[in-house]
Amino acid sequence: MQQRTLGTGGPAVHPLGLGLMGMSEFYGATDDVRSVATIHRALDLGVNLLDTADVYGSGHNEELLGRALAGRRREEAVVATKFGARRQGDGVTVDSTPEYAKQAVDASLARLGLDHIDLYYLHRRDPQVPIEDTVGGLAELVAAGKIRHIGLSEVSADTLRRAHAVHPVAALQTEYSLWERSVEADILPTARELGVALVPYSPVGRGFLSGAVTDLSSLAENDYRRVDPRFQGENLRRNLRLADQVRALAGDIGITPTQLALAWLLHQGENVVPIPGTKRIAYLEENTAAADVTLGAGHLAALDTALPPGAAAGLRYPEQLMDRVNN
């Protein structure tokens, strides 16, 4: 299996990682036993980039990963977690100060049960805090041995460039999929130029491109997609036509729509490492098989025609959250 590298001199990882967020919240019922089994199966398959954050489940997600890795499985994993999004009552605030980074990393290490974190992301950036200050603080954590590599999430190309000038950035995590292609304008080219890995989250459009979601009635009451603008009203009806085209092309190739969406991302460059999330072994295995799919020039052209940049209807987050991305 061909591996990919997170940044220049960073860890080698499977072309696909595993997003753990849904194992704690946002996407319906959770089951810790089943989730741990899924993490173990991922490692069995060589899927070693495991992505969590301190805010997921208010720490539960990191504790879950810590339990899954306890014992001999730690050395098989590349553990990525994040700081900067802080739960305040029912809401979330952003704190990207270096002082908070130093506090948050110790709390994450304790929940994970680890002596170091392989990849530590700034989850969201406060524009009032210079990125140079944040990355300078993270560089001190690298020097202290608490983290191995620095990552950023949802920052602009300019912010990435400024951050990388302070200390090498191994990975930039952002939303990227067939229905969210805005990063192609300048963020993806800048990451490629700097030797930074791009780690797409929601690479199947929050599950939409799988074709499994056709109306909100099938979703749990606490499922985030019930408030996602792209799943609402006329936006949903327009986006279903996009999903139909993905399903049709996947059928022609003989793979699932999910595999097509992931394979398309893997064809966008060797520095692209998607992290599809799932709680189920069957979906994990389906996702992982996408790494073996080769798409021809005709397939890629057909997808570009069917889902060009800007094709999806609706904002990718509720309007009040859009000021927290790409800044």
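Is Asp 228 buried or exposed? Asp 228 is buried, because its relative accessibility is 1% and buried means under 20%. The structure here is a predicted model. Asp 228 sits in the loop between β11 and α7, the helix of residues 233-253. What does Asp 228 touch, leaving out residues up to four places away in sequence? Its contacts are Arg 206, Leu 315 and Arg 316.

Now step back to the whole chain. The protein has ten helices and eleven strands. Its radius of gyration is 19 Å, close to the 20 Å that the globule rule gives for 327 residues, so the protein is as compact as a globular protein of that length. Along the principal axes, the C-alpha atoms fill a box of roughly 50 × 40 × 40 Å.

How much of the protein is buried? The share is 55% of the 327 residues. The accessible surface comes to about 13000 Å². Carbon and sulfur atoms account for 50% of that surface. The contacts reach along the sequence too. Take the contacts between residues at least 6 apart in sequence: 75% of them join residues at least 24 apart.

Charges come next. The protein carries 32 positive and 41 negative charges. The mean positions of the two sets are 2 Å apart.

Next, find the open sheet. It holds seven strands, and their pairing is parallel. Read across it, and the order is β3-β4-β5-β8-β9-β10-β11. Which strands form the edges? They are β3, residues 18-19, and β11, residues 197-201. Each of these pairs on one side only.

Follow the β11 edge. The partner of β11 is β10, which covers residues 169-175. The two strands run in the parallel sense and share five bridges. Leu 172 stands opposite Leu 198 of β11. Further along, Glu 175 has Tyr 201 of β11 as its bridge partner.

Is β11, an edge strand, mostly covered or mostly open? It is mostly covered, with five of its five residues buried. In a regular strand, side chains alternate between the two faces of the sheet. Look for that pattern in β11. Ala 197, Val 199 and Tyr 201 point one way. Leu 198 and Pro 200 point the other way. Residues on both sides are buried. Past this strand, the chain enters the loop that holds Asp 228, the buried residue met at the start.

Two residues deserve a look for their backbone angles. Both have a positive phi without being glycine. Ser 58 has a phi near 50°. Its place is the loop between β4, residues 49-51, and α2, residues 60-69. Ser 58 is exposed, because its relative accessible area of 53% is over the 50% cut-off.

The second is Asn 326, with a phi near 55°. Where does Asn 326 lie? It belongs to the segment after α10, the helix of residues 297-306. Asn 326 counts as partly exposed, because its relative accessibility is 28%, and that class runs between the 20% and 50% limits. So Ser 58 is exposed, Asn 326 is partly exposed and Asp 228 is buried.

Technical notes:
Residues are numbered from 1 along each chain as its sequence is written. This is a predicted model: local features need pLDDT of at least 70, side-chain atom pairs count only at pLDDT 80 or more; totals for chains, interfaces and linings use all residues. Side-chain values use heavy atoms; hydrogens and water are left out. Helices (H or I, at least four residues) and strands (E, at least two) are DSSP runs, numbered from the N terminus. The radius of gyration is taken over C-alpha atoms; the globule rule is 2.2 Å times the number of residues to the power 0.38. Buried means under 20% relative accessible area, exposed over 50%, partly exposed in between (1.4 Å probe, protein chains only). Contact means heavy atoms within 4.5 Å. Accessible areas come from the Shrake-Rupley method with a 1.4 Å probe; for residues, only the protein chains shown count as cover. Lys and Arg count as positive and Asp and Glu as negative; His and the chain ends are not counted. The place of a charge is taken as NZ of Lys, CZ of Arg, CG of Asp or CD of Glu. Two strands pair if DSSP finds at least two bridges between them.
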